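Here is a short note to read alongside the model. Keep the 3D view open and check each point as you go.

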Amino acid sequence: MARKLYIKTFGCQMNEYDSAKTAELLADSHGLETTDNPEEADVLLVNTCSVREKAQEKVFSQLGRWRELKERKPGVVIGVGGCVASQEGAAIRGRAPYVDLVYGPQTLQRVPQMLNEVEATSGPQVDVSFPEVEKFDRLPPARAEGPCAFVSVMEGCSKYCTFCVVPYTRGEEFSRGFEDVLLEVAGLAEQGVREVTFLGQNVNAYRGRRDDGSEADLGQLITYAAAIEGIGRIRYTTSHPLEVNASLIEAHARVPQLVGHLHLPVQTGSDRLLGLMKRNHSVAHYRAIVGALRKARPDLFLSSDFIVGFPGETQADFAATLALVRELNFDHSFSFIYSQRPGTPASELADNVLMAVKKARLAQLQALLAAQAKAFSEAMVGTRQRILVHGRARRDADELAGRTENNRVVNFPGPSTCIGQFVDVTITAAFANSLRGRFAGPSRLEA
Ligand code: SAM
Ligand code: F3S
């Protein structure tokens, strides 16, 4: 019987992507099959993100539960990957000596080898280095699961915002080769993928080497990917305002496959806080970029990330954030309470906004953001939308579900031959987390 792998993932899309790749690697190298049941697993991995939550604590409580499994079944291998592994390194084994493998986001391609070493009883293996070139070179070829796929195009971040651990846990920016990415996209398209999302912590800082030695940016990557047969939709996430260049703005104007939806984190509407966060731009600069993008793409839906309760945030700072949200009108956005991260410059500032104040501000901001997103959903009722049908509806297997360009789920009755295709639907109702639609025919912009 095939041996089994259980991976628990905490965190963002980048972490989900890394977990999926790790599972593929171990399927190829060791024939491990993934399972949803930790009890029957032979290899247990926890892949974590430490951007916000008390990630360390989550990891150790997870490990505590797995320790009992290992006591019952001593051959079980336990590993820790991701940002927490990268931050703690060998110290993880200090607190949890039964851990066999510790690997970072940049060494997951070495996990099969590390597992061999563990199983040859060479003892526990720890590798949280940053051999950046290697990761992209040694990942297995992309496998499609359904019509949508993530494609990681760059790793790490060199922006060093004062509150953020990513540059320390994932290392500096490193971009994957231009042709390499395009080959992966073409391979996915051949397997039926119709939508790709280019992923990176700072994805629009992408500067990939072409085979001729020149450099290509994200705008160029999008333009070339859109020319690949079968690719009908392109997204990218997460981007930084300072990396929105003319080429990217032009891509928004020229490339119909690039969605009219952009996630562009601003964090705060206060210039004073933007400075303390070392975002290196002003509110006016953000406003100007959004203006240029909306000029290029008048129907653009904009979403963002916000942090409330950054050290020293005053009522006036927070009011400036609310004012910016009212002015720019955001679609479904993320907002977080500031979380002090060990080793970051901001962790040296007193975390002096009272928790009750942070919570009240978060609630106020979230209410405003939710109202804006709701108004956008309601305005879609009666319009015709191109959706990519990804499968059957979750609640009713007789119905289908697809996603609009602005990433809303639409449930609608329709023929199952639509699965994996673009179709047009007319939106008939808007709910908090989804829309309802009526099949209106094949998509007008067929890929
Ligand atoms: N590249 C993106 C950008 O331009 O800002 C950010 C990627 S970051 C991993 C995702 C989001 O997590 C950030 O936009 C920020 O809102 C949030 N975040 C990061 N560190 C945080 C912290 N210490 N406390 C609260 N939120 C944080
Ligand atoms: Fe973090 Fe700022 Fe980079 S939020 S991921 S350091 S752009």
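The points below cover the ligand site, then one helix.

1. Start with the status of the model. It is predicted. Treat each distance below as a computed value from that predicted model.

2. Find ligand 1. Its surroundings comprise 18 residues. The nearest are Arg52, Gln201, Gln267, Arg279 and Asp305. Sorted by class, the shell holds 8 nonpolar, 6 polar and 4 charged residues.

3. Now look at the polar contacts. Aspartate 305 uses its side chain: a polar atom there sits 2.6 Å from an oxygen atom of ligand 1. Phenylalanine 163 uses its backbone, with a polar atom 2.9 Å from a nitrogen atom of the ligand. Serine 339 also offers a polar backbone atom, 2.8 Å from a ligand nitrogen.

4. How much of ligand 1 does the protein cover? On its own, the ligand has 560 Å² of accessible area, and the protein covers 93% of that. Two elements each give two or more residues to the shell: strand 16 (305–308) and strand 17 (334–337).

5. Turn to helix 1, residues 13–30. Does its length agree or disagree with the expected span? At 1.5 Å a residue, its 18 residues should span 26 Å. The end C-alpha atoms are 25 Å apart, so the two values agree.

6. Check which helix 1 residues are buried. Among them are Met14, Tyr17, Leu25 and Leu26. The buried set also includes charged side chains, such as Asp18, Lys21 and Glu24.

7. Finish just past the helix. Right after helix 1 comes glycine 31, with a positive phi of about 65°.

Key: Residues numbered from 1 in each chain as written. Chains lettered and ligands numbered in written order. Predicted model: local features only at pLDDT ≥ 70, side-chain atom pairs only at ≥ 80, totals over all residues. Heavy atoms only, no water. Near = heavy atom within 4 Å. Polar contact = N/O pair within 3.5 Å; in protein donor to acceptor, adjacent residues only side chain to side chain. Areas by Shrake-Rupley, 256 points an atom, 1.4 Å probe, with all protein chains shown as cover. Helix = DSSP H or I, 4+ residues; strand = E, 2+ residues; numbered from the N terminus. Expected span 1.5 Å × (residues − 1). Buried < 20%, exposed > 50% of the residue type's maximum accessible area, 1.4 Å probe, protein only.
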